[in-house]
Structures are given as structure tokens and as C-alpha cells.
Amino acid sequence: MSDTVTEPTVSSAVERTLMPSEATEQADARHDRVRVTVVTPERAVLNTTAEMVVLPLYDGEWAILSGHAPLVSRLGAGELRLKNGGTVTQRWYVEFGFVQVRQDQVTVLTERAMPASEVTPALVEQARSQAQTLPASTSAERAAKAKARDRAAGMAKVLARNTGVTPHA
């Protein structure tokens, strides 16, 4: 039986995050699992449990297990991995935002999230091309260009894991 909800709503994700029932908290804790909720501006894309969550933070990857100390951090662009039984069971590409860890609940608020399998060479090349064409005259333009380069690099890492081949720079 899979506890992955195919299409959670933002409302159900918020309710589960902010008002979890005693029964769901006990069930998650009993299995040394964390509840993972990923929300984009458009919708909640993921609401499931995992033994471990690996997050692409702004300054490197961070693994979250049951019982982790509370944390709020900035996401970078890259791969979010869910692990169960020592193996990766789900992979997602996420793009910037924030993560909160509290009481075995990992809440990811991100600009964009998609299954890692949907990251294609064409998407990576498009992101690289967009980053190269951005102007860099002012500090705001340089910041936007750096963010676009980080986006392309995060996608390239996910693609490399998908295919085992890094696209040309």
C-alpha cells in the first residue's frame, strides 16, 4: 500500500502540516518516518512519508531523518530525494524556496517542482541559454544571472543522475 497522494490540494497539505491529527503523527513516529510536503505557487505536488529526505539547500545537500532538530533554511536548485529501506524511492527537481523541519514534518515551499525524470537535455540547454543571454550590468541583473546559472547547474546535476551523462557546458 502506498501512502503517496496523487494530487494533494494546497488546503490538505496545509492542514496536514499545521493541524496533523494525533493518529497521523503517531503512525509517522511509529515507523521512524518524516512527513514530506512539497508546495509550489500553483499546487501541492507531494504529500507522503519517507525514512530520509535529502534536500538541495543553498549551500549544499542536507539529510533529514525522524527526530531532526527544528530547521528553517533556503533551498537551492537541485534534487530532492526520498529514501526508504536504504534506497531512493522518489526523486524531484526543486527550484529555490524554503524548507521548514518541525516535529518530523518537512515542508518545502518552492518556485518549481517536477519529477526528476522530467528533466531533459532540452530543458537543461534552455536554462543554460537563458542564463547566458541575461544582462549583467547592474547588481540586480548580476543576481538574476547568478540565480539563472544556479538553476541550470541544478538541472544539469539532476539530468546527470538520470542519464549518467553531463550535457556540454
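**Entry 1: the pocket.** I looked up the largest pocket first and found that it holds about 300 Å³ of space. I note that the model is predicted. The lining of this pocket has 18 residues, and P56, L57, A77, G78 and K157 are the ones closest to the centre.

**Entry 2: what lines it.** Which elements each supply at least two residues of the lining of the largest pocket? I found three strands, β3 (52-57), β4 (60-65) and β6 (78-84), and the helix α4 (139-163). Of the elements, α4 gives the most, with six residues. I then sorted the lining of the largest pocket by residue type: seven are nonpolar, seven are charged and four are polar.

**Entry 3: the main core.** I turned to the largest nonpolar core, which has 20 residues. Inside this core, the residues with the most contacts are V38, V53, L55, L80, V99, V106 and V108. Two or more residues come from each of β1 (34-39), β2 (44-50), β3, β6, β7 (87-102) and β8 (105-115). I recorded β7 as the element that gives the most to this core, with four residues.

**Entry 4: one residue.** What does L55 touch, if residues up to four places away in sequence are not counted? I listed G60, E61, W62, I64, E79, L80, V99, V106 and V108.

**Entry 5: another core.** Apart from the largest core, I found another core, of 14 residues. A77, F96, A156 and L159 are among them. I had already met A77 in Entry 1, as one of the residues closest to the centre of the largest pocket.

How values were computed
Residues are numbered from 1 along each chain as its sequence is written. This is a predicted model: local features need pLDDT of at least 70, side-chain atom pairs count only at pLDDT 80 or more; totals for chains, interfaces and linings use all residues. Side-chain values use heavy atoms; hydrogens and water are left out. On a 1 Å grid over the protein atoms alone, a cavity is a set of points where a 1.4 Å probe fits but cannot get out, and a pocket is an open set with protein on both sides within 12 Å along at least five of seven lines; lining residues have an atom within 4 Å of a point. Grid points are joined across faces, edges and corners, and a volume is the space filled by probe spheres set on the points. Ala, Val, Leu, Ile, Met, Phe, Trp, Tyr, Cys and Pro count as nonpolar, Asp, Glu, Lys and Arg as charged, and the others, Gly among them, as polar. A nonpolar core is a set of buried Ala, Val, Leu, Ile, Met, Phe, Trp, Tyr and Cys residues joined through side-chain atoms within 4.5 Å. Buried means under 20% relative accessible area, exposed over 50%, partly exposed in between (1.4 Å probe, protein chains only). Contact means heavy atoms within 4.5 Å.
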